[in-house]
Structure formats: C-alpha cells, structure tokens
Amino acid sequence: MQAFQKPFRRLYSSLPDIAASARTASTPRAVRLRRLRKRPELSTADSDATVAGLTPTEFARYRRGLAKGELVTPDGGKELSEAEWLKKLNDRRTRIRGTRVVKTEDGTTETRVVGQKVYLPNVIFRMVRNFTPPGKPYNPYEATFRVSQSITKTDIRSYLAAVYGVQTTYIRTDNYLSPYTQIHGGWVKKRKEYKRAVVGLVDPFYYPQAIEDMPQVEREKRQKWLEASFFIEHLKKARAWELLRMTKKGSKNWHWKKGEDGHHTARRGKIIAAVAAQRAKREQFLLETKERMIQFRATGEAVV
C-alpha cells in the first residue's frame, strides 16, 4: 500500500492500453451487450475507448452536452474538447465527499467537514490479488478488495482518496453470497459473505509476487522464511493432531493405534497399509490351513 501514497499527476485520458483494456473487460455484461448491438465492430477490439480516453457512455454524454450547449466555456464561448470535458468530469468524480467551503467572520474561506469526523474508520478493506486468466499477464492498473456488503462505490472512492491518496478510474462491485447448509436441524451459512470491489488505478500497483510465480530458488527461500517466521507446517500438524484428539474424545479406553512398524495409523495411508497387512496375514493363515487339511485327508488322519 506504500505505492498508493505517491502523487498522481497523469490524467484519465492518458491511460495506457493495458488499463483501457482492463476497464473494457471489467464492464458489466449487460453494458457490453448493449454497446455491441450499437457498435458490432467493438467485438474485435481490446478497448472500446476513444482516442481521448472516453468510454462509449461518456462519449454519448459528451455529444449530448454539446447538442444542448452545456459545454461552452464562460470566456469566449469556446466548446470544451473531449479531453477537457473528461478532466473536468474526473475532477468531480475524485473529489472528497463530506466537505463544504464556508466563509468565516473575517471574510476568508475554509473547507470544513460536514457532520461528525471519523478518525478511525470502522470498515476493513482487505486487498487480494487480481484474478488473472491463464496465459494473461497480471494487470497492475487494477486492485481487488474484499469489503463489507454495506460499503458503496462512493465510500470506496472516498476512502481510498482520503486515507491513501489514491485516485480511481472505475469501480466494479459484486456480492458473494453464501449457500446454506443444514446442521443439527438448523440452517447456517457455509462461509462469510462479502463484497468484491475491482478498482481501476491511475498509477500502477504491483502486488507482491506469489509463491507459484517465483523461480525455484526464490520459492524455496520464501518457504523457509515463512516456516521460520510463522511455523506453517508445524501448525498444520498440530491442527491435524488436535482434530484427531477431538474426534477420539469420549470413546471408551481409546488410545493411539500403532502398526507393526511402530507408527501411528491415524492417517489414511497408514490405515490402508495396516488393513492390507492384516488381510495378507489372514490369507496366509487360510492357505496354510487348507494345505494342512489336504495332507490330513490324504493320510487318513483326523482333521483337527
């Protein structure tokens, strides 16, 4: 998140190709289908933005404003260009909400917060890696967050701008609801519900490299550091051992079963090996008994 504290000077109209393509790809499906009906040639393009960086919806608003005469500058009656109108629109989008300019008694103006100040926001933004399709590069002009379902797009934009100084180009949100499962006669949720927010960034942010994306040497080094710092493997073994102890608890005279090699047979592989060994013993015993019975019948002896 340290990269979020950089000042951002680049305009929205100068978004690179990968950011413009990501904005087009993250557009809701209904919007994409509506745009394809109007402009079928967009199906073969990576980005549907104009040269100035306007989306088809923004371009339609710009043309509608020109037709109404609403995009005329106060001085000289000059019409705003696409880039100038987009900059004005994005300046309004990225403004910090909840403030207003008031005039004091001495005639000066100052910006005051409307309502109650919140010094420690009671919301949690969990940043996760972006979803990257197989064979596609990681997109640094997007950031993915998991937030509460009560958080709106305006809250996300204001939070990132006020806390980290991040300017956003677009925000897509979708809710992940949990299915219900029946336990002990009641219905409970299988997992926690959350909202995913995909945020377009003005400046790129490179998420720390995942272990599966690292070379073999760096991967082993990272795993050793994780094990030395957080004892991941030890915690996995302790968790499995505690789970076995809890499932065995309450049984009469329970104990850890051991095989012939002295190892515990609580694991599936150990259990299968122990069952196979017992089955081999039984088959060998039956074979020897059968041969002994045949010998006794051949000599006329009584089979005992």
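These notes go through a predicted model, point by point.

1. Confidence comes before detail: the protein chain has a mean pLDDT of 81, and 87% of its residues reach 70 or more. Over residues 1-13, however, pLDDT stays under 50, although the model has 37 contacts for this stretch beyond four places in sequence. Where pLDDT is low, the predicted coordinates should not be read in detail.

2. Helix α3, which covers residues 56-68, packs with helix α4, which covers residues 82-93, at an angle of about 110 degrees and with the two axes 11 Å apart. Because angles of 65 to 115 degrees count as roughly perpendicular, α3 and α4 are described as roughly perpendicular to each other. The crossing in which α3 passes α4 is right-handed. On the side of α3 the contact is made by Glu58, Phe59, Arg61 and Tyr62, while α4 brings Glu82, Trp85, Leu86, Leu89 and Arg93.

3. Strand β1 (residues 99-103) pairs with strand β2 (residues 109-113) in the antiparallel sense, over 5 bridges, and one of the partnerships to look for is that of Val102 with Glu110 in β2. The hairpin of these strands has 5 residues between them, and there Gly107 takes a positive phi near 95 degrees.

4. A second backbone angle deserves a look, since most residues other than glycine have a negative phi. Phe231 is not a glycine, yet its phi is positive, near 55 degrees. Phe231 lies in the loop between α6 (216-230) and α7 (232-248), and, with a relative accessible area of 47%, Phe231 is partly exposed.

Terms used: Residues are numbered from 1 along each chain as its sequence is written. This is a predicted model: local features need pLDDT of at least 70, side-chain atom pairs count only at pLDDT 80 or more; totals for chains, interfaces and linings use all residues. Side-chain values use heavy atoms; hydrogens and water are left out. Two strands pair if DSSP finds at least two bridges between them. Helices (H or I, at least four residues) and strands (E, at least two) are DSSP runs, numbered from the N terminus. pLDDT is the predictor's confidence in each residue, from 0 to 100. Contact means heavy atoms within 4.5 Å. Buried means under 20% relative accessible area, exposed over 50%, partly exposed in between (1.4 Å probe, protein chains only). Axes are lines fitted to C-alpha atoms, for helices over the stretch in contact, and angles run from 0 to 180 degrees between N-to-C directions. Angles under 35 degrees count as roughly parallel, over 145 as roughly antiparallel, 65 to 115 as roughly perpendicular and the rest as oblique. A crossing is left-handed if the near helix is turned anticlockwise from the far one by less than a right angle, and right-handed if clockwise.
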